[in-house]
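Reader: I am new to this structure and would be grateful for a careful, close look at a single part of it. Please start with one pair of facing residues and work outward from there.

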Amino acid sequence: MGKIIFYEDRNFQGRHYECSSDSDDLQSYFSRCNSIRVESDYWVLYERPNYRGYQYVLTRGEYPDYQHWMGFNDSIRSCRTYPYVSHSGAYRMRVYERPDFGGQMMEFMDDCPSVYDRFRYRDIHSCNVMDGYWIMYDQPNYRGRQYFMRPGEYRRFSDWGSSSSTIGSFRRMRDFF
């Protein structure tokens, strides 16, 4: 079972809360989050309750302040855990320039530091994750807002939690932190 510890202050100080399962509303446990220890599994953290808002994907390790997990602020209001499973198979994802898998399609099996350089578009309106877990970023070189992508069909960018179709980069979910 996964375990994550949220701290209100930087450098693992102040009030803290230990969590070992999905939680759709963390607001009653802490008012702000400035540091985190992930003891096991992958975690997807959300800026707002009910798994909404900015997403942050974290794996085992210590994050002494929110900039270390590329946070935009100190607000974490919900979280989901995903067990770490060694994925030795192929990674495969198809991205499309239009909603509902329309327009030009390109299949990826490896990391992509610049969507524009490889796909010639900055906008991805739909995608099909066939194998493995992926993280999409709204900026090139794995920066900016993050979107956790597990196997499945995403008919429009709002299906993966984005308010925009702009994707700058993506990579396979593995121990890269």
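**A strand and its surroundings**

Author: Asn 128 has Glu 153, a residue of β13, as its bridge partner. The model that holds this pair is predicted, so that local features need a pLDDT of at least 70 and side-chain atom pairs count only at 80 or more, while totals for chains, interfaces and linings use all residues. Residues are numbered from 1 along each chain as its sequence is written, and side-chain values use heavy atoms, with hydrogens and water left out.

Strand β10, the part to look at closely, pairs in the antiparallel sense with β13 (residues 152-154) over three bridges; pairing requires that DSSP find at least two bridges between two strands. Strands here are DSSP runs (E) of at least two residues and helices (H or I) of at least four, numbered from the N terminus. With β8 (residues 92-98), too, β10 forms an antiparallel pairing, and five bridges link them. Within that pairing, Asp 131 of β10 has Arg 92 standing opposite. Is β10 buried or exposed? Because five of the six residues from 126 to 131 are buried, β10 is largely enclosed by the rest of the structure, where buried means under 20% relative accessible area, exposed over 50% and partly exposed in between (1.4 Å probe, protein chains only).

Further along the chain, β11 (residues 134-139) runs antiparallel to β12, with five bridges between them, and the bridge partner that Gln 139 finds in β12 is Arg 143. Three residues lie between the two strands of this hairpin, in which Asn 141 takes a positive phi near 60°. Strand β12 (residues 143-149) is likewise largely enclosed by the rest of the structure, because five of its seven residues are buried.

Positive phi also appears at other places in the chain. Most residues other than glycine have a negative phi. Asp 41, which is not a glycine, has a positive phi of about 70°; Asp 41 sits in the loop that leads from β3 (35-40) to β4 (42-48), and its 18% relative accessibility makes it count as buried. Met 70 shows a positive phi as well, near 60°, and lies in the loop between β6 (61-63) and β7 (78-82). At 26% relative accessibility, Met 70 counts as partly exposed.

Strand β7, which follows that loop, contains Arg 80, a residue that is partly exposed with a relative accessible area of 23%. When neighbours within four places in sequence are set aside, Arg 80 is in contact (heavy atoms within 4.5 Å) with Asp 22, Tyr 42, Trp 43, Val 44, Tyr 46 and Tyr 51. Between Arg 80 and Val 57, which are 23 residues apart in sequence, the C-alpha to C-alpha distance is 9.7 Å.

To place these parts in the whole, the protein chain comprises 14 strands and one helix, and its C-alpha trace spans about 50 × 30 × 25 Å along the principal axes. Of its 177 residues, 49% are buried. Among the contacts between residues at least 6 apart in sequence, 67% join residues at least 24 apart.
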